[in-house]
Amino acid sequence: MAFPISRRQLAGALGATVGAAVLGPLADHVAEASLSRGQSTDLIQLNSNENPYGASPRALEALARSGGAASRYPDANEEEARDAIARHHGVAIDQVVLGAGSSDILRMADSAFLTAGKTVVAAGATFEAVLAYARVTKAEAVKVPLTADHRHDLPAMAARCDSRTGLVYVCNPNNPTGTVVHGDELDAFYPRVPRSAVILVDEAYHHFVESPKYRTAVDAIGKFPNVIVARTFSKIYGVAGMRLGYSISSTENAETLRSHASFSNVNASALAIAVASLADTGHVPQERKRLNDTRRWLCAELDRDGRTHMPSETNFVMIHVGRDVAPLIAQFRERKILVGRRFAPLPEWLRISIGTREETAAFLTALRTLVPA
Ligand code: PLP
């Protein structure tokens, strides 16, 4: 796979002064990192919903500068990052908890709010980390099937919550379906969940959403202090490899979550990247536009073929292929294209992450060969 940004583009993006100082080693470092992501270099990676264009140049600059912090524990950097995140959301710094990726936040929530005898309620097809981590706690998983239009069935999920429920997980937008639940549906859901249960809303793909019916759950925390929102820098911000996520919650829940975190769980470079990423206010809209444009282009081509796909508000699309996807995944792999894994309740659906336009076009060509319309 080609390095997504050339040295020249990087120089332009960084500006002359910074560029001169960091470009040589940084470009080499980033190119090398990009080429060695645990995969052979000629693979097109459309399997993990990452941003193929990577981080903002300002974030890469912060990464290059962060080496000086390597010898010290990152307490001050942590404070700075939490403060930047709090200001970004208009909340108090005490409401922010950092994680090594938002998966770490999900793990902390399981550890904090689940025990044997408790239940964790989640959608029938959703991001599985919460249920996977919950196994350690011996809590019982309650899976609620999706609606016919592949969305969370919030009334059914509320109906499955009772005094034993420790956690109810709402992934919005949902992975792997790419669908959203609406703000007014969440407004009706919150009061129906017992206050003793934590409502964990995972907004990993928040920035891609265009539906006017969607609303972030951050604004619900004031009224429903049992709501915790998880966010990540792994998706639109393009720094999945740095492992940084966070939660916004009531101060009390933040304290509880933090008591289940390991000390200094986020490294200084990731923290520097977080601050720079948030400061670069142009990066997210730019990434949102180019990835959503490519998704729209792909979906239009799928429509032209007469293929069924789910309506996505994210940087991935679920495509119906009319047969079990397991062998198909292997066939794509033979063509050096990595596609999403098989999701048990949706065995005939293939999840494809949006890559660059060229990568996405290469996927479409392979799809047309392997699964003629
Ligand atoms: N939540 C959702 C819905 C995801 O799809 C992912 C990753 O794919 C994550 C959380 C975890 O992301 P990270 O741990 O990299 O922040």
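Here are some worked exercises on the predicted model shown above.

**Exercise 1. Take stock of the fold.** How many helices and strands are there in the protein, and what share of its residues is buried?

*Solution.* Start with the secondary structure: the protein has 13 helices and 11 strands. Next, look at burial. Of the 373 residues, 55% are buried. Finally, check how far apart in sequence the contacts reach. Take the contacts between residues at least 6 apart; 74% of them join residues at least 24 apart.

**Exercise 2. Sort out the cysteines.** How many disulfides does the structure hold, and are Cys161 and Cys299 buried or exposed?

*Solution.* Step one is a quick count: there are zero disulfides. Step two is accessibility, where the cut-off for buried is under 20% relative accessible area. Cys161 comes out at 9%, so Cys161 is buried. Cys299 has 11% relative accessibility, so Cys299 is buried too.

**Exercise 3. Map the nonpolar cores.** Which residues have the most contacts inside the largest nonpolar core, and what does Phe189 touch?

*Solution.* First, some background: in soluble globular proteins, nonpolar side chains tend to be buried together. Here, the largest core has 77 residues, and Phe189, Phe332, Phe363 and Leu367 have the most contacts inside it. Now zoom in on Phe189. Leave out anything up to four places away in sequence, and Phe189 touches Leu154, Met157, Ala158, Val168, Val170 and Ile199. Separate from that core is a second one of 24 residues, including Val130, Ala134, Val198 and Ala230.

**Exercise 4. Look at both sides of a strand.** Which residues of strand E2 lie on each of its faces, and what is the bridge partner of Val96 in E8?

*Solution.* Begin with the general pattern: in a regular strand the side chains alternate between the two faces of the sheet. E2 covers residues 96-99, with Val96 and Leu98 on one side and Val97 and Gly99 on the other. All four are buried, and both faces of E2 are covered. Then turn to the pairing: E2 runs antiparallel to strand E8 (residues 245-248), and four bridges link the two. Across from Val96, the bridge partner in E8 is Ile248.

**Exercise 5. Probe a pocket.** What is the volume of the second largest pocket, and which helix gives the most to its lining?

*Solution.* The volume is about 310 Å³. Next comes the wall: 20 residues line this pocket, and Ser48, Phe127, Asn175, Tyr205 and Lys235 lie nearest its centre. Sorting the lining by element, helix H5 (residues 102-113) gives the most, with three residues.

**Exercise 6. Check the backbone oddities.** Where are the cis peptide bonds at Pro173 and Pro176, and where do Lys138 and Lys336 sit?

*Solution.* Take the prolines to start with.

- Asn172 and Pro173 are joined by a cis peptide bond with omega about 0°.
- Asn175 and Pro176 also have a cis peptide bond, with omega about 20°.
- Pro173 lies in the loop between strand E5 (165-171) and helix H8 (183-189), and Pro176 is in the loop between E5 and H8 as well.

Asn175 has already turned up among the residues nearest the centre of the second largest pocket.

Now for the lysines. Lys138 isn't a glycine, yet its phi is positive, at about 70°. Lys138 belongs to the loop between helix H6 (129-137) and strand E4 (140-144), and with a relative accessible area of 63% it is exposed. Lys336 is another non-glycine with a positive phi, about 65°. Lys336 is found in the loop between helix H12 (325-334) and strand E10 (337-339). At 39% relative accessible area, Lys336 is partly exposed.

Notes
Residues are numbered from 1 along each chain as its sequence is written. This is a predicted model: local features need pLDDT of at least 70, side-chain atom pairs count only at pLDDT 80 or more; totals for chains, interfaces and linings use all residues. Side-chain values use heavy atoms; hydrogens and water are left out. A disulfide is a pair of cysteine sulfur atoms within 2.5 Å. Buried means under 20% relative accessible area, exposed over 50%, partly exposed in between (1.4 Å probe, protein chains only). A nonpolar core is a set of buried Ala, Val, Leu, Ile, Met, Phe, Trp, Tyr and Cys residues joined through side-chain atoms within 4.5 Å. Contact means heavy atoms within 4.5 Å. Two strands pair if DSSP finds at least two bridges between them. On a 1 Å grid over the protein atoms alone, a cavity is a set of points where a 1.4 Å probe fits but cannot get out, and a pocket is an open set with protein on both sides within 12 Å along at least five of seven lines; lining residues have an atom within 4 Å of a point. Grid points are joined across faces, edges and corners, and a volume is the space filled by probe spheres set on the points.
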